[in-house]
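Biologist: I should be grateful for a close look at a single part of this protein. Please take one sheet and describe how its strands are arranged.

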Amino acid sequence: MNDREFLNRLESASADELSQILRRPSVGEERLLALYFGEERLARLRRLALGAQRRGAKRGNVVVLHGIMGGELTVHPPKQSEQHVWMNIPRLIVGAIGWLRVTPDFQSENDVRSTGILKKWYSEMLLGLAADQWNVQGFHYDWRLDLADLADALRAKIDGWFGAGASVNLVAHSMGGLVSRTYILRHADRWKKGGRLIMLGTPNHGSFAIPQVITGAIDTVRKLATFDIKHNRAEIVAILNTMPGGIQMLPSPIVMPSIERMYDPATWQAYGVTRKILDLARTSHTRLQKIVDGTRMSYIAGCNKMTKVDVADWNRLDDPGGYRDSLAGDGTVPHSLSFLEQDGKRIPTYFIEVEHGALPNDAGVIGATKEILATGACALPSQPPRARAVATFAD
C-alpha cells in the first residue's frame, strides 16, 4: 500500500477502523500518521484509541456529522481511476476544483462521492466517544448538495447502521446541525424513536462567512486561488456558487430582516448566484423554523472570537472590511445567527472559548458532549464569559 492509499484508507475509516489503524500501524504507517497529525497529537489519539477498544455494554448509538468542507470528496470519471479531490492539495493545484461544479438543477455534474470524514478535524470526537463506550459512526456527506438530499442520505445510513427502530444521538458540527434538523423535518417518524441532537457551532440562521465565499473575500477561497494553476479567484467563486449546500447557510432574513438584499439576485449579479438557489436557501430557513426541541436539542457555542456579525457596507461584500466585527461569535458563526428558541426560551446552550473549526477536537467540548449525551446537561457556563471581552455581546 502506497502513501496515498494509506491516507485514503485513513480518511474513509470508521471509528473502529481508525482505532485499529492507530493501535497497530506498520513502520511506514507510523511515519505517515506522525506527519499527518503531529507527534503530540498522535500520542493523544493513540491513548484514545486504546480506550476505545474496551469491551462492555454500549451506552447507546451516536452519529458524528462534520461541517461544510469536512468530508472527503472523490470523483469517479468514466473509464478513469478515481480522483480524490477534497482535500487533495496536489489535485487542487492542477485545477481539480472544477470537478465539483453542480448543475442548475442541484445535481453533481460529475460522479462525485463522499468517501470519508476528514480525520484531521474529527478524530478526537470520534475516538473520545468510542472510548466512553458509545457505539459511534461518522456520517460523511457531499456538502455541496441540497440539505434535503443530505438528510435523506443520513436516514438511510442510520437505518443501515443501527436498524429502523433504534434510538440514535446526533453530534453535529457546523453545517452538520442543519443536515440533522433537516433530517428531523423530513423523517419525524425516525426522530421519534429517541436520542439527542448536540450542535457544535451550527449556523442555524446562517453565517456571514457565506457572502464572503460568494464574493471570494474569505481566506479559504483566496488560498485556493493562490495555488490553483488553472482557475483564478473569479473562476473558483463561480464553481463554489453552484453549490446549494453552502448558499443554504446565507444569513436568514427571518431572524435578520436587514439582510433581505442577500436574497436578491441583483446583489450577486457579478458572481453568478441564481434566483433558484437563493429561493432554495430562503425555503430552507423557513422550513427549519419549526424544528426546535428544547428537551432533546442542545447547543455548544464558541465565544470571544472576532466574528463577522453584520454588513457594514453593501458595496464592499467582496472585502472582509465590508462587514461589522464583534466578539459575539466563534470566529465564523455569530451568536445572533446561532441559537434556537422554543416558546420564547433558548434551548440549552453552553459556551466555551474555542474557535469554530476547533470545536470537534477540543477536550472541553468533547467532555461536555459526553455529559449531555449521558444526562442532558453539562458543566459549561450557560452564558459567555465576559472577563476578557472588548466588544459588546449580542446574546
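Modeller: Two strands are taken to pair if DSSP finds at least two bridges between them. Strands (E, at least two residues) and helices (H or I, at least four residues) are DSSP runs, numbered from the N terminus. This is a predicted model, in which local features need pLDDT of at least 70 and side-chain atom pairs count only at pLDDT 80 or more, while totals for chains, interfaces and linings use all residues. Residues are numbered from 1 along each chain as its sequence is written, and side-chain values use heavy atoms, with hydrogens and water left out.

The part chosen is an open sheet of three strands, in the order β3-β2-β4, with antiparallel pairing. Its edge strands are β3 (83-86) and β4, each of which pairs on one side only. From one strand to the next, the twist averages 35 degrees; here axes are lines fitted to C-alpha atoms, for helices over the stretch in contact, and angles run from 0 to 180 degrees between N-to-C directions.

Strand β2 (residues 71-75) runs antiparallel to β4, and five bridges join the two. Within this pairing, Thr74 has Arg113 of β4 as its bridge partner, and Val75 stands opposite Val112 in β4.

Strand β4 (residues 112-117) is largely enclosed by the rest of the structure, because five of its six residues are buried. Buried means under 20% relative accessible area, exposed means over 50%, and partly exposed lies in between (1.4 Å probe, protein chains only).
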